Amino acid sequence: NNVIYRADYQAPGYWIDSVELSFDLDPAKTRVLNRMKLRRNLDAAPQPLRLDGEELNLARVLVNGQGTSFKLEDNQLVLENLPEGGDSFDLEILTTCQPAKNTKLMGLYVSNDSFFTQCEAEGFRRITYFLDRPDVMASFTVLLRADKAKYPVLLSNGNLVDQGDLADGRHFAKWVDPFRKPSYLFALVAGNLVAREQRIRARGGKEHLLQVFVRAGDLDKTEHAMNSLMASIAWDEARFGLPLDLERFMIVATSDFNMGAMENKGLNIFNTKYVLASQATATDTDFANIESVVGHEYFHNWTGNRVTCRDWFQLSLKEGLTVFRDQEFSQDLAGEASARAVKRIEDVRVLRTAQFPEDAGPMAHPVRPDQYLEINNFYTVTVYEKGAEVVRMMQTLVGREGFARGLKLYFERHDGHAVTCDDFAQAIADANPDSTLARLLDQFKRWYSQAGTPRVRASGLYDADARTYRLTLAQSCAPTPGQDVKEPFVIPVGLGLVGADGAELASGMHVLTQESETLTFENIGSEPVPSILRGFSAPVILEFDYSDAQLIALLAHDTDPFNRWEAGQRLAVNRALGFIRDAGVAARDIRLDPPFMNAMRAVLRHPTLDAAFKELVLTLPAETYIAEQLDVVDPQRIHAVREAMREQLARELAPDWEQAFEQHRESGAYRPDPVSSGRRALTGMALSNLCLAARASGDQVWPGKAYQRFKDAGNMTDRFNALAALVTSGSELAAPALQRFHAIFKDEALVLDKWFALQAGAPDRGGNVLPAVKQLMNHPDFNIRNPNRARSVIFSYCSANPGGFHRPDAAGYVFWSERVLELDAINPQVAARLARALDRWKKLVEPLRSAAREAIARVAARPDLSNDVREVVTRALA
Ligand code: B3K
Ligand code: ZN
């Protein structure tokens, strides 16, 4: 096996100071001439030079202009007789590659007749031989040559220094990047593209050119991305004093992309999904995602590019920090406290429905992993979202200003270097020497080294005579693969005590460091309700035996909006778990109690709460979140119970949904701001519930209204919500609506993705989804090689539709194993993501458990698996 360990890190034996790349771009055979200046790293042991290279055809190697002997050993070019001493020498390598055949979408590939690159983490070695590791930083000069008619636009990192025509209808462009960078940040684009352009003057007076490149028909969908980019630039200067350091900043969109976007220096390459938006084609969620992804990639320019990772185990150094920054950016743009809270709740929901399961499953790993087989498998919710929570806790412990000071020191120390998570934490602590973080730094850093979600068990004791309330907090963390024993974490716990009348009796922050600690609150006149972990101050599971009355009090009165929402979630989860365990009762016979119904109605009817917040409270916890609370999981039962709860809320609150619908149905001229998108979210939810309620009664009024709204809507959010209401309620109008939707949007790939995803993710009724998914795969618009389309059908079913996927006949698992293998031959990164759909198989009820294990074993038995998929399935079976 080829497992890589963090502990084995060694500095490179050579440095590459500069590299000049010349490309003769041709889809069938691209020629790459690579001329490097290298020197030995005299601090490292003398060693041969081993350059990484993959799927390359080597034509020539010259050292200082002379031919030389070399060896090719498993994806490395090995040179032994290199000049001695520390002087610089020239190395010239000529290779060819085949971009049109590159279905992995790593390295140089073709999409819609244009060339794109993706180099992170290890794609540059698919372009030329190189020391393809992030701690080798070089100056790049890039010469691009291509047919002028087919590829009028030629882009690479940095500044355009020369361009012109060549013989035979070809032309060239020369780019120089003023910053040294690791190879993973290299990019080139060549194609028939057009750009939205914007010139801006930054605070310091410098002019910059911003460009968003897309295909010709898409220019009218780039305004939001450009606005988001300008907002990002302004925000990073205002909040952290970090300016744009380039004359030109480019974003290019491609419809074939393995993930969301990539922060290549000065030339960000994006999945079209995170660039293109118009009110007719994109939903509010799309608009919000674009804002945050554009921000995220832009913020990488400092946190990732100016200071990068020493090795890939340090990935969270840039990813956790940059997610934290994009979350803060979106919150700051949202403005009001209530809108910030909505964003926080959404972020926590992602963490708890995706990262907590990861941290409890076979792929659990620390925020800074200790080993990997394939690094692409570690671009995870743990490295990203939990990593962001770790950074957030640091900010909590040193304060907002202290954190900004820490970041400043981090750049003073490390600008232009490749560093570690330890370096980052040290800088934040050193800039705040009197802080709790500085005092507890070693213990705090266990967040980087220990995997698993800690549990904080809280219990309270009120003493009426002494007028005291004692709160005990005890922490623990279950073993994870390779880590049997966990040491206590540093856990900031936001706290408040809420009086019986709703008054706030106490509030503050307690930093839990021991296994168990007890706090005493004095002068408490009556038994309070504790509001614990306010704002979700740490990524932990909080256990407290709240009574319904206490939760209802928090839902009504807590001054902390996060815990107010959380109280509603707890009420719902407790009920769902009760029904699920009550196996004797059929789902259709379960009854939600009046206190719960009344609490939900009170929120829905509340005169001052934001629509967006109401929508979050009224959304029942996800099936995967409920599953995590159980030791043995029957996805069918969970689905049936949750659907039954949803139907009952729909029916019994029908008049309230109607009122909410009427009150918010007109959201004015379309703007994707938090207030009006909140109104649309609640309207959509109301409509969906009213259609669901109508299903039981057979009433056609609301489905009819939904169909009308679907036809007349002036924006994609309202239109899609209406369509979804028809589809998820199983209305007869769903089929004609789907057909009409397809006819309108048949030329809009991103909208078709929604159309596919809605059907593959629809609530299962008698096993109808799998046959529908198979049909969708035969649709002329389906193409498994396009990652967005594959995700919209296959992932929407296997990873986002537990009720449809976990079929008693195991046909879902068979489908899964076939698709994993089919995709692995095309694109291992996408296949490995799909492979993770069965991560939690060990918790499944029999016979699902055995069937799932068999399906995984079938995949694992294949001798020709990629490292990507092999790592996921081997871990799952371990
Ligand atoms: N840094 C890239 C992710 C690259 C993933 C490689 N498998 C996007 C981002 O996090 O901004
Ligand atoms: Zn990132």
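Student: Which residues are around ligand 1?

Tutor: Keep in mind that this is a predicted model, where local features need pLDDT of at least 70, side-chain atom pairs count only at pLDDT 80 or more, and totals for chains, interfaces and linings use all residues. Residues are numbered from 1 along each chain as its sequence is written, and chains are lettered from A and ligands numbered from 1 in the order in which they are written. A residue counts as near a molecule if its C-beta atom, placed from the backbone, lies within 6 Å of it. That picks out Glu120, Ala121, Met259, Ala261, Met262, Glu263, His296, Glu297, His300, Glu319, Asn376 and Tyr379.

Student: Which element gives the most to the shell around ligand 1?

Tutor: Helices (H or I, at least four residues) and strands (E, at least two) are DSSP runs, numbered from the N terminus. Two of them, β21 (261-262) and α2 (284-300), each supply at least two residues of that shell. The top giver, with three residues, is α2.

Student: How many residues does the largest nonpolar core have, and which helix gives the most to it?

Tutor: Such a core is a set of buried Ala, Val, Leu, Ile, Met, Phe, Trp, Tyr and Cys residues joined through C-beta atoms within 7 Å; buried means 20 or more other C-beta atoms within 10 Å of a residue's own, again placed from the backbone. The largest one has 259 residues, and Ile428 is among those with the most contacts inside it. The helix giving the most, 12 residues, is α5 (residues 381-414).

Student: How much of residues 21-185 is strand?

Tutor: An unreviewed UniProt entry labels this span "domain: Aminopeptidase N-like N-terminal". Helix makes up 0% of the span, and strand makes up 52%.

Notes:
Buried ≥ 20, exposed ≤ 12 C-beta atoms within 10 Å, placed from the backbone. UniProt positions renumbered as here; feature names shortened; annotations may be inferred.
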